Structures are given as C-alpha cells and as structure tokens.
Amino acid sequence: MKKNYYRKMAVLGILLLALTVFQNYTDKSDENFPELTFISEDLPTEPLSEFDPNELDENQWQKLGFSEKQTSTILKYKKIVGGKFLSKEQFKKCFAVSEEKYTQLENFILLPETNADAKGNSNFKSFEKKSINITKKFNPDQFSQSDWENMGFSERQAAAILKYKNYLGGSFVSKEKFKECFIINNENYQKLEPYLILPAKTPVNFNNYTEKSGSSKNKFQHSNFDPNILDIKGWMALGFSKKQANVIVNYRERNFKGSFKTLEDIKDCFVISSEKFEELKPFIKLNPATMTKNSDDKKPEFKQEKTDFSKTDLNSITFKQLLEFGLDEKSAGSMIGFRKKLGGFMTKEQILETYNIDKELVQKLLSIAPLDNSKVERYSLVDAPEEWLKNHPYFKYSADKIIYYRISNPDDKKIWKLLKTKPEYEARMRLYVK
C-alpha cells in the first residue's frame, strides 16, 4: 500500500515538474516575440517654423507632435550623443523619431546635414544662446522683427514668433495663446509673462474672432488707384495682408500677363472677398496706358481662358491650374506630390494634411472644387501588392507586418486585429482598402 502511495506521489511530482518547465518555456517564447510600437505622427498644433533641436525643452517637443515618452527619449538621446545634436543625420538616428515624422520636420531643422558638414562648415550658424532682457510692460502685437531681436531672440526665432502671430490672425489674443508659440520655451515665457499687455484668458468666441477681425480692421481712407501699377506694399496699404497681397500680384502676373483688363478680372481673384471688392470698386481706375499691349496691333491682349474650378476635379487638377488659383509653386508642388504618393485623394480633408501649403487658400479651393475618388486604386490587405504597401504613405510603416501576417492569416479581419493600430491610423488606411 505504501509503495503504491509513494509511486503515485512520485508520478504526480514528475507531472508538476514537467508542467512548470513547459510553462516557463512558453512564457519565454512570448517574451521573445518582437513587439512593434508605433511612433506618434500627430501634426504640430501650429504652422512650423525653423528651429534648433538643441534649444527645445520638453513642452516645445510636445508642441511639435511628440508624446511625453518620445520627448523623454529624445532628450535622453541628446545627452547620450554629448548633450547636443551636431547634424540632421544624428537627430534622424534617434529611434523615437519615425521616418515620416522626420520628413515633416527636416526642412525646418537648423542643423547641418551631416556630422562632417558640422565640423567643416564654418558658415552654419545655429541659434545663439542669449538671455532675454525686458524692463517694462509691452504689447507683443506691436513688436517688429527688430524689437524681438533687441529683446534677445535670434533673427530666426523673431521671424518664427511673427509667423505665429500671423497664423493667429495678426494678434496674439491672450497670454494663453502667446504661451503656445512653440519657439518660446517655458523659461522665457515666465520671464515675459509679467510684462505682457494681453488678457490672461483667450476669448470664448476666439474661433470667430480671427474671421471677424478681418472685417473689423481699421477702415482705410481710399483714393483712386490703378491696380496694374500696385506692388505688394501697395496692396497691403489697401488693407490686405502680405500673403494676400502676394497672391494678388502673382494672380495678375500669371493669369493676365501683368495687367487686369476689367473689373471682373479683379473681382475673380479668390483672396479678394466680395465685400472688399465693393469697398474698393469706386476707387479702381483702369488706365489703358498701363495695360499690356500687343506689339502688332497695339490693342490690349485678350485674357487667357480661365479655369472653372467648380468643375475641376481635385484628383486631376494640374500644377499650372493651382498656380492660376493663386497658390505659390511650393504649395502647388507639395499638393501634387502628396497626391501622387497616395495614388489620389479619397477625401478633401487629406489635402489639408499636405505639408508646406497655404491652408487658407487651399481651404477656399476645397470649398469650390469637387473631388472624384472613383479612379483611386484600392486593395484588400490580402491582395495588396508588396511594392504598393511599402511605398504608400499610410501603409509603409505597417507593410512588413501585413505581409507577414497574411501568410498564415489570409483574412482582412484577422490581419486588422493582429495589426493593433491606433484608431486614427486605421481609419486613414481603410480609405484605401476595399
């Protein structure tokens, strides 16, 4: 009896031991399975300006779209490489910065391309470390580029601050909004805050504030003028912003060979609102002597046929037509380039994700022009060509996982579950999935 008892206990012990070994083995195998993490691809909350990554604090990195963990990793990486990034090449190697994120920021980073350039390029200058000097209260809305530089900001920092003010509609609005300027770190804001002549809080109706400000600006005392001899400063004197004035001049040069022929030509410019046109109309004097002449018959040239943008598909609109609408070459090129990478736009919202575009002007284009996405290529995750997956902006960071998972799970629903992407990433990927 005792022998049988001990035998049973021994068998039970062996079984428990085998179970423990098996459990440990499976746990280890789970631990060794490669975990793929996704880098945040959030867009900055304001238009980008040139910056030196060596000057940014935690808060400023987060304003550029990085998470707290990514920011912490970037700052630790900077310490590891000696406390300072020497080049774009070195910054790009930080594993918290995805390739797509780096592409967003690359043109704005004030660093040499490579470490070799940093050592050999004596012409390269980064932000100078200056202390901010302020002795009396001031209204930042009234500060010019030189005023910000005299306070202690570098030339590029001062330009970035003014660019942010223009983005807000020409006014910093409040201390809250002023603090959000990513070029101003927390340390400098604490120094400036007691001297700022601004409301502490942002008005509740701020969303409408910038729109209303355009119509409630100072009323200009107009006199008769010839629109064909006005340069950018001349249009700005009529109440247009520098950006709007630049669009008007480009519109006149590109579409009418340097001179408007009729009042309708002026009215059709997209940055001139109907209210503004009616305000200016009584003072517009088109002088035939300033119109472009034809050398043969000495008569004004006929204006070229204009594009009807209400019938122009955004997936087939050309570079030339975008210039005709008023976009500059950089904006037009970026929009066409992004469309080509995607294989076509599926929604109008995607167009506003394009980097380096004039969003205000593009928004007007989107409100006029239609979008036909019926010819845009779409695939299932199972059938999508490898090359397409690896080159498409929305899929390339998940391409290897998709290709791996679909070998053993040729089912879209299962692949989506295994991918475990963030909802916002999955939503934009699904735009191109059958």
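**H21 against H22**

I started with the handedness of the crossing between H21 and H22 in this predicted model, and the crossing comes out right-handed. Next I looked up the geometry: H21 covers residues 399-408 and H22 covers residues 412-419, and their axes come within 10 Å. The crossing angle is roughly 130 degrees. Angles from 115 to 145 degrees fall in the oblique class, so I noted H21 and H22 as oblique to each other.

Then I asked myself which residues of H21 and H22 meet. On the H21 side I found Lys 401, Ile 402, Tyr 405 and Arg 406. Their partners in H22 are Ile 415, Leu 418 and Leu 419. By class, I have five nonpolar residues and two charged ones in this contact, with no polar residue.

**The largest nonpolar core**

I moved on to the largest nonpolar core, which holds 57 residues. Trp 235, Leu 365 and Phe 395 have the most contacts inside this core. I was pleased to meet H21 and H22 again here, as each supplies at least two residues. Other helices that do so include H15 (274-280), H17 (329-342) and H20 (386-391). Which helix gives the largest share of this core? I found H13, with six residues; H13 spans 242-256.

**Around Leu 365**

I picked Leu 365 for a closer look, leaving aside its neighbours within four places in sequence. Leu 365 is in contact with Phe 309, Leu 314 and Ile 317, and also with Leu 322, Phe 325 and Met 335.

**A separate core**

Last, I noted another core of 40 residues lying apart from the largest one. Among its members I jotted down Leu 56, Cys 94, Tyr 102 and Ile 161.

Definitions and conventions:
Residues numbered from 1 in each chain as written. Predicted model: local features only at pLDDT ≥ 70, side-chain atom pairs only at ≥ 80, totals over all residues. Heavy atoms only, no water. Axes fitted to C-alpha atoms, helices over the stretch in contact; angles between N-to-C directions. Helix = DSSP H or I, 4+ residues; strand = E, 2+ residues; numbered from the N terminus. Parallel < 35°, antiparallel > 145°, perpendicular 65-115°, else oblique. Left-handed = near helix turned anticlockwise from the far one by under 90°. Contact = heavy atoms within 4.5 Å. Nonpolar A, V, L, I, M, F, W, Y, C, P; charged D, E, K, R; others polar. Core = buried A, V, L, I, M, F, W, Y, C linked by side-chain atoms within 4.5 Å. Buried < 20%, exposed > 50% of the residue type's maximum accessible area, 1.4 Å probe, protein only.
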